[in-house]
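Biologist: I would like to learn how to read a structure like this. Could you take me through it, feature by feature?

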Amino acid sequence: MKTTAQVVVIGGGVVGCSVLYHLTKKGWSDVMLLERDQLTSGSTWHAAGGFHTLNGDPNVAMLQSYTVALYEELERISGQSCGLHKSPGIMLADTPERMEFLKMTVARGRYLGMETEIISVKEAKNYFPFIEEKYFLGALLDPNEGHLDPSGTTYAYAKAARLGGATIEVQTKVESLEQKPDGHWRVITNKGVIECEHVVNAGGLWAREVGRMVGIELPVLAMEHMYLVTDDIPEVVEFNKSTGKEIGHVIDFGAESYLRQEGKGMVLGVYEQAGKPWSPKNTPWSFGQELLQPDLDRIAPSLEIAFKHFPTLENAGIKRVINGPFTFAPDGNPLVGPVQGRTNFWSACGVMAGFSQGGGVGLALSNWMVDGDPGFDIWGMDVARYGDWATRTYTNAKVRENYSRRFRIRFPNEELPAARPLQTTPLYDKFIEQGAVMGDSWGMETPLWFAPKGSEAKDIVSFHRSNDFEPIKAEVKNVRNGVGVTEIANFAKYEIVGPGAEAWLLQVMTNTMPKTGRLMLTPMLNQNGKIIGDFTIAKAEDNRYMMWGSSQAQVYHMRWFEQHLPKDGSVRITPYGMKLIGLSIAGPKSRELLQRLTDDDVSGESFKFMDYREMEVATVQAKVNRVTYTGDLGYEIWVAPEYQRRLYESILEAGADLGIKPFGMRALLCMRLEKNFGTWYREFRPIYGPFEAGLERFVKLDKPDFIGKAAALKEKTEGPKKTRIFMVVDALDCDVMGDEPIWADGKVVGWVTSGGYGHFVDQSLAQGYIPTELVKDGIDLEIEILGERRKARLQMDPPFDPEAKRMRM
């Protein structure tokens, strides 16, 4: 066995073998895979083997499309059959809400080039003849689905990797990992020690154990999953004979089941409500190519519905029952990328849909390792999307919830309850008393909206305007006409100190740094000139800066900061997390309110727009920014958590005669939309450049070099290929939710990033991207909302305070 390698991949399932192959495809041949048993041991070998391109995250869907398209190429390269069976896929809707979901899914697939369409139940029977029509309203047809041989496919990846120079060692158990002072790894196995530069955790069922070897607890859990293989069914044989085709794949939301042809019979798999975790604390190293004891009683409720929906199956004999463990992350998507706080330790685990996503995971991770960037926007799969609050027991609760909802639709205003509340601020109980409907913001409870007295504080979930519509309107109008207060704990907060702080910030950010006591806004770019963050930065004093960003991206950003900090220790960055939380007051009466709470002069002349001050507010030491995300006059007041309750009660008392009321996150997002403010993850993502996103005023190309400057200069010189636009939509009772296609002249030209209803301006609003050459007054645009194309008018200026006088008053 070799004793050195550039990369060691741990785990010989389909994901590990895909990573290995893609590394060789990128030109790295000194790569090695270690498998404790045989290739495919663990989950891969007993998988049902289905593949599809559809995913709730369009960016993940693109990588799934890549995976599906890869298989024929893989067969040609390796000479190994993947056992491909390509057949159409059908999703069946048995309720009006699920029919709306299918229409939304088709629309979101349009700008990705997916060839899905809505068909009738009668048409669906042409692909799956067993349907009992009376139970369904319609269906989605996806022509690019199928199934394969899990073992054959894994060995095809492995053989292709070997042809590229890779080494594979089976019966080689990794027992521990040690990192040397120079950053290289010592991989200690039962056969000896291997020294390498990079380690990839593709451990599958053992991913937690591999993570623990380097002191981390990955949010991943295995669930028992059952599917049945029937005896031969005469109707299957007859369909094959009469059509010359296999029976298509089917997802039945009502039965929580998937079905496909297997030989002359059928496979029927279930994601049941009573899901059962497997080995929730530790995965036994002795587990190999084994199955678990079937428990048909657990899936009986779903089988009962499936047999009613497809009566032919009820009388089919069962040839075998497969019950095996598969790993899931809390949201069901993979955990991919470099692990923050560890040098050259990479994650490629939690890939429950390995034959839909394995190729894309291998492609993205190999790009990341070789080029320093995944080459795609993979935020939905990034291991950095979770913080240390995602503990083992939290993961257990959320994975069980996700498993039970695998074939359930999630509404845009639906908050899932498992493992909540987790993180709370000192005001949690106060908000509940005030009628707050709470939401989960990166593990923290955040007030979304406040129910009026006498009404239930609960969302009625829907794709249409719901019971929060009027309360949010009232919250927005109260801010715009007077003053409101909202909690802003769910921001990431950082302190940057040291003699090299300013020079470092100038290097990693696109903007110049503010003078002492001032704020500035800035994007952050990767080497390719794409947006990987947007921040508010205050200069508190010489060599000390405060910075605010998206809480969801805190680990993502800390990983980047740590990679680019100077080695001489001249800069230190500290994430505050929940050690600094705050409140924002906003509206034309907010200055009057703040003056009642402090002895400092906060007049417009003394405390200007974009000023920063450390001062006493309501007898509490606070850091105050004269800025708000509402686009109105307002202030962010940041305090230590032990003082937040005092601050909140003082604000409510001092503002009582001014009509102050609390407002929630949905009202805040509504007001930012009325100002055409973008937000991280929607408008600002690693697929957009700063000039495309309309952030050119924050990109100072005349300052010394910064990360991404050359690419940004090229974008400006050549002109942005696409442009972020603002639209007023002729919506009915349903506003855009994000990822809808934008139409012009009968074809899809772009996509919506976010939107909703602007309650103060009384308009349905949307933001999105279209080709730059189409951005001109008078262009006729349409946005497809739940299957219906609605007119959208391009608007150059935001509808609220287009001259930005209010926030500067």
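Modeller: We will go through a sheet, a helix and some aromatic rings, and please keep in mind that this is a predicted model.

Biologist: Let us start with the sheet. In which order do the five strands of the open sheet come, and how do they pair?

Modeller: The general idea is that strands of a sheet pair through backbone hydrogen bonds, either parallel or antiparallel. Here the order is β23-β24-β25-β22-β26, and the pairing is antiparallel. β23 (519–525) and β26 (572–575) stand at the edges with a single partner strand each, so one side of each has no neighbour in the sheet. On average, neighbouring strands of this sheet are turned by 30 degrees against each other, with direction ignored.

Biologist: How many bridges join β23 to β24?

Modeller: Seven bridges join β23 to strand β24 (residues 531–541). To find one of the matches, look at Thr522, whose bridge partner in β24 is Phe535.

Biologist: And what links β24 to β25?

Modeller: β24 and β25 form a hairpin with two residues between them. In the turn, Asn543 has a positive phi of about 65 degrees. The two strands pair in the antiparallel sense over five bridges, and Glu541 has Arg544 in β25 as its bridge partner.

Biologist: How many of the residues of β25 are buried?

Modeller: In strand β25 (residues 544–550), seven of its seven residues are buried, so "mostly covered" is a fair description under the cut-off of under 20% relative accessible area. β25 also pairs with strand β22 (residues 491–497) in the antiparallel sense, over seven bridges. There, Ala492 stands opposite Gly549.

Biologist: Now a helix, please. What span should helix α9 have?

Modeller: The 18 residues of α9 (residues 354–371), at 1.5 Å a residue, should span 26 Å, and the end C-alpha atoms are 24 Å apart, which agrees.

Biologist: Is α9 largely enclosed or open to the outside?

Modeller: An α-helix has 3.6 residues a turn, so residues three or four places apart point the same way. In α9, 16 of the 18 residues are buried, so the rest of the structure largely encloses this helix. Just after α9 comes Gly372, with a positive phi of about 85 degrees.

Biologist: What about the aromatic rings: how many aromatic pairs does the structure hold?

Modeller: There are 38 aromatic pairs. One of them joins Phe136 and Phe310, which are stacked at 6.2 Å centre to centre with 20 degrees between the planes. Phe136 lies in the loop between α4 (121–124) and β6 (138–147), and Phe310 in the loop between α8 (296–309) and β16 (318–328), so the pair ties together parts 174 residues apart in sequence. Both Phe136 and Phe310 are buried.

Biologist: Why is the pair of Trp185 and Phe345 called tilted?

Modeller: The ring centres of Trp185 and Phe345 are 5.8 Å apart and their planes stand at 50 degrees, so the pair is tilted. Trp185 is in strand β9 (residues 185–189) and Phe345 in strand β18 (residues 345–349), 160 residues apart. Both Trp185 and Phe345 are buried.

Biologist: Where does the charged end of Arg36 sit?

Modeller: The charged end of Arg36 sits over the ring of Trp206, 4.1 Å from its centre. Another place to look is Arg480, which lies over the face of Phe800 at 3.6 Å from the ring centre.

Methods: Residues numbered from 1 in each chain as written. Predicted model: local features only at pLDDT ≥ 70, side-chain atom pairs only at ≥ 80, totals over all residues. Heavy atoms only, no water. Phe/Tyr/Trp six-rings, centres within 6.5 Å; stacked < 30°, edge-to-face > 60°. Helix = DSSP H or I, 4+ residues; strand = E, 2+ residues; numbered from the N terminus. Buried < 20%, exposed > 50% of the residue type's maximum accessible area, 1.4 Å probe, protein only. Lys NZ or Arg CZ within 6 Å of the ring centre and 35° of its normal. Expected span 1.5 Å × (residues − 1). Pairing = 2+ DSSP bridges. Axes fitted to C-alpha atoms, helices over the stretch in contact; angles between N-to-C directions.
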